[in-house]
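The following exercises concern one molecular structure and are each followed by a worked solution. Please examine the sequence and the coordinates before reading on.

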Amino acid sequence: MSSRRGRITDEEINELISKLQALLPESSRRRTASRSSASKLLKETCGYIKSLHQEVDDLSDRLSELMSTLDDASPQAEIIRSLLR
Amino acid sequence: MQGPSTMSFRQAFLENLLVSLQLQQEHTSKHHSSSLGAAMSLHERKLAVKSSADVAMAAARGAGARWTRAILAPAPSACKVQRCRRIVIRCRGRKRSLPRSARARDGGTSSGGEVARRLVRRRTMALREVIPGGRDAAVDEATLLREAMDYVVHLRAQVDVLRQVSEAVQRFGSSILQ
């Protein structure tokens, strides 16, 4: 689906901006005015993506920790260890 | 972006992720019991999990977005030169916009619109930094916004699925990853 080449209209940008605003969490939507500026929205989006990245980071931490505590308890590891004794 | 496409995305993402984690788990237990070869440090494991999650997300998304390509096929080091150039240009641009108070005293020789445009430009560049592939000069503003929307939706799903997997592993133990 290739859009027409050439200048992007202001309308197109505004449409994308309002769609983007609809995606941001409820709390930030209330804070920004209904006619929020483009720059505010860009800032919100940036901040939101960063916070999501942080969540992924924290969850990866947690998951890798869980996986490492499993290693010792893993039945496969125990079987292999007993074979090597 | 919503509805059935999200569900099948989550499914594909979950499958990709579990496969990666299973492989990682196998690798770890093999090395643990053999005492040959170094076991991965916790930090390395975390990076492996994070990388698996990103690759799983990008692969599950399929075609139709730029950010997936940036994750699955990162730019070669030859682009480092381009990146350095862009950073220098960005810094020069920032220096130019610094004496804002001086301009205000001027009594409006630079319009409010110009200041706003500069701010939008700066914010746009910041957004490019956090979206995979956003730094590419070929990505225009409209594309960047569309990429941002797509990326946000899938990032949210990534967070949800990672949380679900963590909880499942916590509750049911290693049987999930075997």
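**Exercise 1: the fold of chain B**

Among the contacts in chain B that join residues at least 6 apart in sequence, 60% are between residues at least 24 apart. The model is a predicted one.

Task: Describe the secondary structure of chain B, and state what share of its residues is buried.

Solution.
1. Chain B contains seven helices and zero strands.
2. Read from the N terminus, the order of elements is accordingly written α-α-α-α-α-α-α.
3. Of the 178 residues in chain B, 35% are buried.
4. The accessible surface of chain B amounts to about 10,200 Å², and carbon and sulfur atoms account for 57% of that area.

**Exercise 2: a helix pair between chains A and B**

Task: Determine how helix 1 of chain A and helix 7 of chain B are oriented to each other, and identify the residues that make the contact.

Solution.
1. Helix 1 of chain A spans residues 10-23 and helix 7 of chain B spans residues 141-172; their axes come within 10 Å and cross at roughly 15°.
2. Angles under 35 degrees count as roughly parallel, and the two helices are therefore roughly parallel to each other.
3. The crossing of helix 1 of chain A and helix 7 of chain B is left-handed.
4. On the side of helix 1 of chain A, the contact involves Glu12(A), Ile13(A), Leu16(A), Ile17(A), Lys19(A), Leu20(A) and Leu23(A).
5. Helix 7 of chain B contributes Glu141(B), Ala142(B), Leu145(B), Arg146(B), Ala148(B), Met149(B), Val152(B), Val153(B) and Arg156(B).
6. Sorted by character, the residues of this contact comprise 11 nonpolar, no polar and five charged.

Note on methods: Residues numbered from 1 in each chain as written. Chains lettered and ligands numbered in written order. Predicted model: local features only at pLDDT ≥ 70, side-chain atom pairs only at ≥ 80, totals over all residues. Heavy atoms only, no water. Axes fitted to C-alpha atoms, helices over the stretch in contact; angles between N-to-C directions. Helix = DSSP H or I, 4+ residues; strand = E, 2+ residues; numbered from the N terminus. Parallel < 35°, antiparallel > 145°, perpendicular 65-115°, else oblique. Left-handed = near helix turned anticlockwise from the far one by under 90°. Contact = heavy atoms within 4.5 Å. Nonpolar A, V, L, I, M, F, W, Y, C, P; charged D, E, K, R; others polar. Buried < 20%, exposed > 50% of the residue type's maximum accessible area, 1.4 Å probe, protein only. Areas by Shrake-Rupley, 256 points an atom, 1.4 Å probe, with all protein chains shown as cover.
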